[in-house]
Amino acid sequence: MVHLSKVRQLIPPLSGELHKGQAGRIGIVGGSEDYTGAPYFSGISAMKLGADLCHIFCEPGAGTAIKKDIPGSSVKEITDRVSSVFSRLHVLVVGPGLSRDSLMLASTREIIGKAREENMAIVIDADGLFLIQQHPSIIQDYTKAVLTPNVVEFKRLCEAMKVPYTEDNKGTMAKKLSTALGGVTVIQKGSVDVVSNGKQVFTCDKEGGLKRMGGQGDILSGVLGTMLAWGKSYEEGVWKHSNEIKSQDIPMLAAWGACAIVRESGRRAFEKHGRAVLTSDMVNEIGSSYNSFMKGKSNGILA
């Protein structure tokens, strides 16, 4: 049983004593010539929630649209360029719009390895999950990783890990998949979002929107990236707090908080626009959804 007040403790205060970057520095590895929108939505969502800085690393063909690119044409050049920025980041988000280009997937595999060496929190979504399906060892036993699969991606991950899949709404499958991956936090997205680290299970059944347009997963990856970055700042004692939250609990709390805020953003956007709602409408509701999240009953129980 976890209280909403615990999730809120991860959020840094708005204070003149903090300097630029202390409220979240996010790196996003994704984007390709065919998929420029995904990393944009992930990045803008991270910023809308309250991250200070966001770097997007993508194929040169996507750079014009997103305004950042990775020069070079080899795995080593790409890996070295991205990892050289790690000292300036709190969290790495991997996958939005990545594509299944062999060079990008090979580079991403090396980049994730470098991030693990730096003990960084990592969010993996979209084609990043395709990479994990092919090579689970990339994140095996890395408890600072959070996976965000949809229904299809979740089933494929279960297959890759030889976890027999059955329909359930109590978190049993998410818990089993997390256990098979060595305690990696898994967000099983669906009508109810289920979060598990193999030991605990949180469910988020807050009302969301009723239209399932593309890009909602990208929004979640960005919002989650910011929540994890705040968790990193919490660990580092950037502001004065009770220090009662353990490091190993941060991914679960951050994941639930991200699910709650994104679902509320979807609900508000759908309420205003109905069937005409767009992903950008959800992005515009992140700020108000965050405010609602902070004003809810502080003793509310998550799971």
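V152 is partly exposed, at 45% relative accessibility. This residue sits in helix α7, which runs over residues 151-160. The model is a predicted one. Helix α7 also holds F154. F154 is buried, with a relative accessible area of 1%. Which residues does F154 touch, leaving out those up to four places away in sequence? They are P149, Y165, M173, A174, L177, V186 and Q188.

Both V152 and F154 belong to a set marked in a record. The UniProt annotation "binding site", from an unreviewed entry, covers G97, N150, V151, V152, E153, F154, K155, R156 and D218. Part of this set borders open space in the model: G97, N150, V151, E153 and D218 are in the lining of the largest pocket.

Just past α7 comes a loop. K162 is placed there, between α7 and α8, the helix of residues 172-180. K162 is exposed, at 74% relative accessibility. Its backbone stands out too. Most residues other than glycine have a negative phi. The phi of K162 is positive, near 55 degrees, and K162 is not a glycine.

N119 makes a similar case. Its phi is positive, about 60 degrees, and N119 is not a glycine either. N119 lies in the loop that joins α5 (102-117) to β4 (121-124). With a relative accessible area of 43%, N119 counts as partly exposed.

Now turn to the interior. The largest nonpolar core has 50 residues. Within this core, the residues with the most contacts are I26, L224, L228, W256 and F293. Which helix gives the most to the core? Helix α10, residues 250-273, does so with 12 residues.

F293 shows how distant parts of the chain meet. Neighbours within four places in sequence are set aside here. F293 is then in contact with L4, V7, R8 and I11, and also with W256, G257, A260 and I261. W256 is itself among the core residues with the most contacts.

There is a second core, separate from the largest one. The second core has 39 residues, including L89, M104, M120 and A174. A174 has appeared already, as one of the residues that F154 touches.

Helix α10 deserves a longer look. The helix has 24 residues. From its first C-alpha to its last, α10 reaches 34 Å, close to the 34 Å expected at 1.5 Å a residue. Is α10 mostly covered or mostly open? It is mostly covered, with 19 of its 24 residues buried. After α10 comes G274, whose phi is positive, near 60 degrees.

The cysteines come last. How many disulfides does the structure hold? It holds 0. A disulfide is a covalent bond between the sulfur atoms of two cysteines. The sulfur of C58 has its closest cysteine sulfur in C54, 11 Å away, so the two are too far apart for a bond. C58 is also buried, with a relative accessible area of 0%. C259 is in no disulfide either. The nearest cysteine sulfur to C259 is that of C204, at 5.6 Å. A disulfide here needs the two sulfur atoms within 2.5 Å. C259 is buried as well, with a relative accessible area of 1%.

Conventions. Residues numbered from 1 in each chain as written. Predicted model: local features only at pLDDT ≥ 70, side-chain atom pairs only at ≥ 80, totals over all residues. Heavy atoms only, no water. Buried < 20%, exposed > 50% of the residue type's maximum accessible area, 1.4 Å probe, protein only. Core = buried A, V, L, I, M, F, W, Y, C linked by side-chain atoms within 4.5 Å. Helix = DSSP H or I, 4+ residues; strand = E, 2+ residues; numbered from the N terminus. Contact = heavy atoms within 4.5 Å. Expected span 1.5 Å × (residues − 1). UniProt positions renumbered as here; feature names shortened; annotations may be inferred. 1 Å grid on protein atoms, 1.4 Å probe; cavity = no way out; pocket = protein on both sides within 12 Å on 5 of 7 lines; lining within 4 Å.
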